[in-house]
Amino acid sequence: MIRSFIGIDIDKSGRIWCSDGTSIYSPRPEYIVYSFIDYIRKSNIKIVFIEDYFTWGEKFKESNPILVQVLRMIYLYGTFCTDLESPSESIKIIKVHSGNTSNTCSKCNHVSKESRVTKLLFKCVKCNFKTHADRNASVNILRKGLKMYPNHFSHLSGGGGWILNYLIFYYFMV
């Protein structure tokens, strides 16, 4: 199935978690990025929503060198956009505010720090939905990204957004 957009989350080891459940990893950061670029090309993905990690400050950069290296390579490959109308044919990389992407259930939207059971496991305290924590965050990043541009994705968010939530959960989580 061909998509034109995806949300991603990157863990401290540099593994890329995609909102469709794909995870990409290699011990060498440049191979992670090459594999990711190959994946988005083959999947015909034109828009990548990613957390705005670089607003987290110098302490974050110093404590996560592999993650920072992967991010820099992804950023160099794509075109950063603040507007989806950009004429560029390259992949558009759009930074999304990261607030609560790790603590929000991608199924019921309940926000709770207690739902992040471990570094790897997310289990919602409200609906008991269980998944990998970074996969859950990548779906929330995608959802936030799509909501940033309601005019471009309005066909997905009609009826109070239930269509968008339905598509995100069933299209990416099942």
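## Exercises on strands, helices and a pocket

Strands β1 and β2 (residues 16–18) run antiparallel and are joined by three bridges. The model is predicted. Keep both points in mind as you work.

**Exercise 1. Find the partners of β1.**
Which residues stand opposite D9 and I6, and which way do the paired strands run?

*Solution.*
- Step 1. Start with D9. W17 in β2 stands opposite D9.
- Step 2. Look at how β1 turns into β2. The two strands form a hairpin, with five residues between them. G14 sits in the turn and has a positive phi of about 100°.
- Step 3. Now take I6. V48 in β4 stands opposite I6.
- Step 4. Give the directions. β1 and β2 are antiparallel. β1 and β4 (residues 47–51) are parallel and share four bridges.

**Exercise 2. Judge the cover of β1.**
Sort the residues of β1 by the way they point, and state whether they are buried or exposed.

*Solution.*
- Step 1. Mark out the strand. β1 covers residues 5–10.
- Step 2. Sort the residues. F5, G7 and D9 point one way. I6, I8 and I10 point the other way.
- Step 3. Check burial. Six of the six residues are buried, so β1 is mostly covered, with buried meaning under 20% relative accessible area.

**Exercise 3. Examine the salt bridge.**
How many salt bridges does the structure hold, and which residues form the bridge in α1?

*Solution.*
- Step 1. Count. The structure holds one salt bridge.
- Step 2. Name the pair. K42 bridges to D38, and their closest N and O atoms are 3.1 Å apart.
- Step 3. Apply the cut-off. A salt bridge needs such atoms within 4 Å, and this pair has 3.1 Å.
- Step 4. Place the pair. Both residues lie in helix α1 (residues 29–42). They are four residues apart, about one turn of the helix.
- Step 5. Check exposure. K42 has a relative accessible area of 66%, so K42 is exposed. D38 has 36% relative accessibility, so D38 counts as partly exposed.

**Exercise 4. Test the lengths of two helices.**
Set the span of α1 and the span of α4 against the values expected at 1.5 Å a residue.

*Solution.*
- Step 1. Take α1. Its 14 residues should span 20 Å. The end C-alpha atoms are 20 Å apart, which agrees.
- Step 2. Take α4 (residues 133–148). Its 16 residues reach 23 Å from first C-alpha to last, close to the expected 22 Å.
- Step 3. Add burial. In α4, 13 of the 16 residues are buried, so the helix is largely enclosed by the rest of the structure. In α1, the buried residues include V33, F36 and I40.
- Step 4. Look past the end of α1. N44 comes just after the helix and takes a positive phi of about 60°.

**Exercise 5. Link two helix residues.**
How far apart are L71 and V33 in sequence and in space?

*Solution.*
- Step 1. Place them. L71 is found in helix α3 (residues 65–77). V33 is one of the buried residues of α1.
- Step 2. Read the distances. They are 38 residues apart in sequence and 8.6 Å apart in space, C-alpha to C-alpha.
- Step 3. Check L71. Its relative accessibility is 0%, so L71 counts as buried.

**Exercise 6. Spot the unusual asparagines.**
Where do N100 and N109 lie, and what are their phi values?

*Solution.*
- Step 1. Locate N100. It lies in the loop between β6 (92–96) and β7 (121–123). N109 also lies in the loop between β6 and β7.
- Step 2. Read phi. N100 has a positive phi of about 65°, though it is not a glycine. N109 is not a glycine either, and its positive phi is about 70°.
- Step 3. Check exposure. N100 has a relative accessible area of 42%, so N100 is partly exposed. N109 has 33%, so N109 is partly exposed too.

**Exercise 7. Describe the largest pocket.**
What volume does the largest pocket have, and which residues lie nearest its centre?

*Solution.*
- Step 1. Give the volume. The largest pocket has about 420 Å³.
- Step 2. Name the lining. It has 21 residues, with I10, K12, R116, K119 and D134 nearest the centre. β1 and α2 (58–63) are the elements that each give two or more residues.
- Step 3. Sort by class. The lining has six nonpolar, eight polar and seven charged residues.

Note on methods:
Residues are numbered from 1 along each chain as its sequence is written. This is a predicted model: local features need pLDDT of at least 70, side-chain atom pairs count only at pLDDT 80 or more; totals for chains, interfaces and linings use all residues. Side-chain values use heavy atoms; hydrogens and water are left out. Buried means under 20% relative accessible area, exposed over 50%, partly exposed in between (1.4 Å probe, protein chains only). Two strands pair if DSSP finds at least two bridges between them. A salt bridge is a side-chain nitrogen of Lys or Arg within 4 Å of a carboxyl oxygen of Asp or Glu. On a 1 Å grid over the protein atoms alone, a cavity is a set of points where a 1.4 Å probe fits but cannot get out, and a pocket is an open set with protein on both sides within 12 Å along at least five of seven lines; lining residues have an atom within 4 Å of a point. Grid points are joined across faces, edges and corners, and a volume is the space filled by probe spheres set on the points. Ala, Val, Leu, Ile, Met, Phe, Trp, Tyr, Cys and Pro count as nonpolar, Asp, Glu, Lys and Arg as charged, and the others, Gly among them, as polar. The expected span of a helix is 1.5 Å times one less than its number of residues.
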